[in-house]
Amino acid sequence: MLLLTWLGAPHPTAASATDAEVAPIEQAFTIDGDAINRNPADLFRGFGAVSCNNTSRLLLDYKEENPEQYWELLNTLFHPVTGMGLTEVKVELGSDTNTSSGTEPASMRAADEEADVLAGAGWHLAADARSINPDIEVSLLRWADPRWVEEAAEGGLAAGIEARYTWYKRTIDAVHDTFGIEIDWIGIGKNEDYDRADVLPFLDYLERRLAEDSRPENDPRYDYASRIRFVGADEIKGRGFANDLVRVLDEDEVAAIDMLERPVAIDADDADPGRPVDEDGVYTNVAHDIAYIGDLAGQKVYRVVFPGREYDGWTRSDGIVYPPAEGDSTTYHWTIGDPDEPTAGTDGRPLDPAALLTSVDAVSIHYTSQADRAIRILNTVYGKEFWYSEGIAPTSMSRNRVQLAGDGGLTGPQGSLDIANRVIFGYHNAGRDDASAGPLPSDSGQTRYLFQPAISAFYQNGTYSAKQLIGAHDPWSGWYELDSGVQMVRHFTAFAETGPGRAWNYVDGGASYGTGWSAGDGIGDSGASWLTLADPRRTDYSTVLTNDTRDPVSVTVTVRDMGRAQSRSLTRFETRGPDAGERYDENWFQDLGRVATRPAEDGGRSFTVTLAPHSISTVTTLRGVAEYRTGSSEPYERTVLDVGRPGGTLYRDDFEYDEYPTAPVGGERLDYVERRGGGPRYATDMGGAFEVETSGEGPGDGNFLRQNIPYWLKPGLWRYGGNSYPHTLIGDDHWANYSVSMDFSFDLTPFDPARKVDDDPDAYYENYVALGGRNSRGSGGDVHDGITFAVRPDGTWGLLKRGDVTAFPTGSASGTLLAGTLEDLDPAVPHTIRLDLRGDEYVGYLDGERVFTYTDRSADTVAGRVVISSGFYQNRFDNLEVTSVPGHAPYATERVDNGDERVEFSGPAGSWTHSVTAGHAFLYRTRSDGRAGAELTVPFRGSGFAIDGDGTSATVDVLVDGELVANDVAVTATGERAAAYSLTSLRPGRHTVTFVVVSGRLVFDAFHQFGTAASP
């Protein structure tokens, strides 16, 4: 059991603004009802959740094991009143490819099969989210393609797109038939892999085929054509899709225009007939002087003039005005499409760029808040929404930032203030330049921000982990943790409407961004920023204000022409760091009470608020919003997975699941295996697809586990690779000393070179089965973290440490510790493989006979979960069992991050440096580096400990309870999430350990405290 209540004294932090002696910086702006942005493409769309890359997989287990916590998690995410009110769930259309932190199962693995959408967690999440809020929108996007779609594409563009459409359409229908969900949006591209020669023809084909399949004679599930909208193209910081729809002209091209004698104002047909425009064909209060002005190379040229702004809100907090002052203007010229580079459709003929422009409804981009000129034209002239369709959530956990940075826990790169400012910046970016895109518009008009992920429900320390609003890694205990990002989101969503017909508008005069700037994907060193949202009827409004400076900021706001909202009383909510002696979350989302107002000129009202250093505030006319309850960020105790059965069994799975009752899914009652699409309990696939089969043809009786992606079905790659060799992770990464065993039988299908699908001549086609332990982070490619015992059908075996499963027995440079051959292995019969991990000793068995014993002198792999691995063959597994081993502590009862408030850093000035952006290789993306003289003290309860580091090269003195136990000892030069130093066999109880750096550099990531040794 983990002792969450044993906490030391809170780390002191900076005082609040009310206690500060510094005179506040003074700022002012105006909220003008006449400046409400009426563009229907610029409504406040809120925030969304991306379910992809295996990040939601453990939610299936939370729902089964701890349904109360499961629904708490979903209500926190999606409930519009009591939660964050997220408005979209974007689901990865899986392909069985590892697309960073794991695989999403393909809904179709062959062209002739129906789609199955029960495997994986994405569609379950979407359905349950919509049960909380029926207005939630659901979208899909692919990262890679299943093998059969890849093979179809080898026959040409038309064949590939037809196969892709079949995959999409059958999946859309299966989602409706299984969960009752109608899809709202289709992402027309491949995630972060834009190719105009593919995306534009697919957009054209998709629209035409969905319209055709919506006809009554084709028996549609619903009217796809009117329901489903298209968003493109999920580029990472790129804007190629927008610039393929409209081509902005440079100065030389503008000079070459064959001008009309008199410009012609564009009409509704040019703007987009499906959108409301005024009598002149433009959107009210958005832009002026939109006209057809001439021709260039046979193409119509259009012009838009953005006027200068008169509102104070467009003035940056350092006094620089962006865009230019009133009377100046910004002018763009463009053509629809690019006549010099026409794109062919599936029939080989050039596509009509105007038709493509009409087809798409939103433009999406990743990891930048910035529009360019093409996106602004699409948004302002043609009414296309602009989304931040994949963005980071705050990282490192605010509680760790409080300890390591001492600044309240909200500031710094990838902190909650950074993310809040990205949202503000996404609407109004103050006219920065971009090295690749050139001068950018002063308005981005970004109206939706999607977190990838919003909830991290995969095993801790997987690739790109610790960048979530909510962490949910332990479904057996129901434990989860919320970070300050939840309250940051609520500062926006709790005080504005986002639903259909109710969505609030942005107020242009009430938006400004401070002085910070970092390419749009990170907002550092910002001043004061603000964003105002208003009911279009002018009955209510809310202003979100951030102060990311060390000083208080006094902001005076004048409100005018806001109708009834102008006279309503105001309330203020604030989130900031703790005062001295307080919990880290003491001041999150607190109701500060009424805000006094006073008369202003022209019949307006004014109010003044002082923003505390590094804080977020919302001033609102709304009532009835509940404040955050201090201490509720970790509402449940975290416990290690230990079923406590006789014999010291930590975990057992025979894949039968008879103890689980049937449950309804889409109106039909399904058993455990059926409703999960064959997904085994607690398993998260890193490569391949490990699924429960019920045919009784496994190595044991009844159900069994099978790896279902043979080499001839290896899926296509995502842009960044990711076709990991098949393996799945199961269990608790607190497990340390244990025996893991499993029955298996080989798939003896002979390798057929004619069926190989890789162009890579080094691709590995040997079959093997492997069982491993102490996997402490997500694995990818062919390297498995932890200790792994692998066996081939020919009897070749290998023992690997963070090793390459394709390299044994000759791969000593790739992590192979030992290798050999079992002369009498019969590959045609079932076998039992077992691996014992006892401190620094590793022992392997096959069918009860010992194969090897190995002593690891570095002993830096001390804890982690189980890994089951297979070649790209349909190998079968059964009867997984994890048991404690006598004489050793079976697990770490707790793992303490370097940012935990119980950790004490001391030593000469400058001997410690801390980072809260150390990357996902570290437990919470934090690390501490100590040099000569640095001291580190950690209190703990247990019989031993280990300290994780990375790249450590140091000698240290180690003291336990004040007694020197190691003098000037060299710590292990470790890799990621590995132990630099460990000590066991202490008397169980409370202890204190101190490390003193004698020489070199000690990296501190996390501290394991081990429990009592298992009895013989």
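Let's start inside the predicted model with one pair of residues: Glu904 has Thr937, in strand β50, as its bridge partner. That pairing belongs to a set of 3 bridges that join strand β47 (residues 904-906) to β50 (residues 935-942), with the two strands running antiparallel. β50 also pairs with strand β55 (residues 989-1004), again in the antiparallel sense, over 8 bridges. Here Val938 has Val993 of β55 as its bridge partner.

Here are the two pairings side by side:

| Strand pair | Sense | Bridges | One bridge pair |
|---|---|---|---|
| β47 and β50 | antiparallel | 3 bridges | Glu904 and Thr937 |
| β50 and β55 | antiparallel | 8 bridges | Val938 and Val993 |

Now for a helix. α2 covers residues 67-78, and at 1.5 Å a residue its 12 residues should span 16 Å; the end C-alpha atoms are 16 Å apart, so the two agree. Buried residues in α2 include Gln69, Tyr70, Leu73, Leu74 and Leu77. In an α-helix there are 3.6 residues a turn, so residues three or four places apart point the same way.

Next, a loop. Ser632 sits between β28 (615-620) and β29 (649-653). Is Ser632 buried or exposed? Its relative accessible area is 14%, under the 20% cut-off, so Ser632 counts as buried. Leaving aside neighbours within four places in sequence, Ser632 is in contact with Leu482 and Asp585.

Stepping back, the chain has 16 helices and 56 strands. Of its 1016 residues, 63% count as buried. Among contacts with a separation of 6 or more, 75% are between residues 24 or more positions apart. The chain exposes about 35000 Å², with carbon and sulfur atoms supplying 46% of that.

Note on methods:
Residues are numbered from 1 along each chain as its sequence is written. This is a predicted model: local features need pLDDT of at least 70, side-chain atom pairs count only at pLDDT 80 or more; totals for chains, interfaces and linings use all residues. Side-chain values use heavy atoms; hydrogens and water are left out. Helices (H or I, at least four residues) and strands (E, at least two) are DSSP runs, numbered from the N terminus. The expected span of a helix is 1.5 Å times one less than its number of residues. Buried means under 20% relative accessible area, exposed over 50%, partly exposed in between (1.4 Å probe, protein chains only). Two strands pair if DSSP finds at least two bridges between them. Contact means heavy atoms within 4.5 Å. Accessible areas come from the Shrake-Rupley method with a 1.4 Å probe; for residues, only the protein chains shown count as cover.
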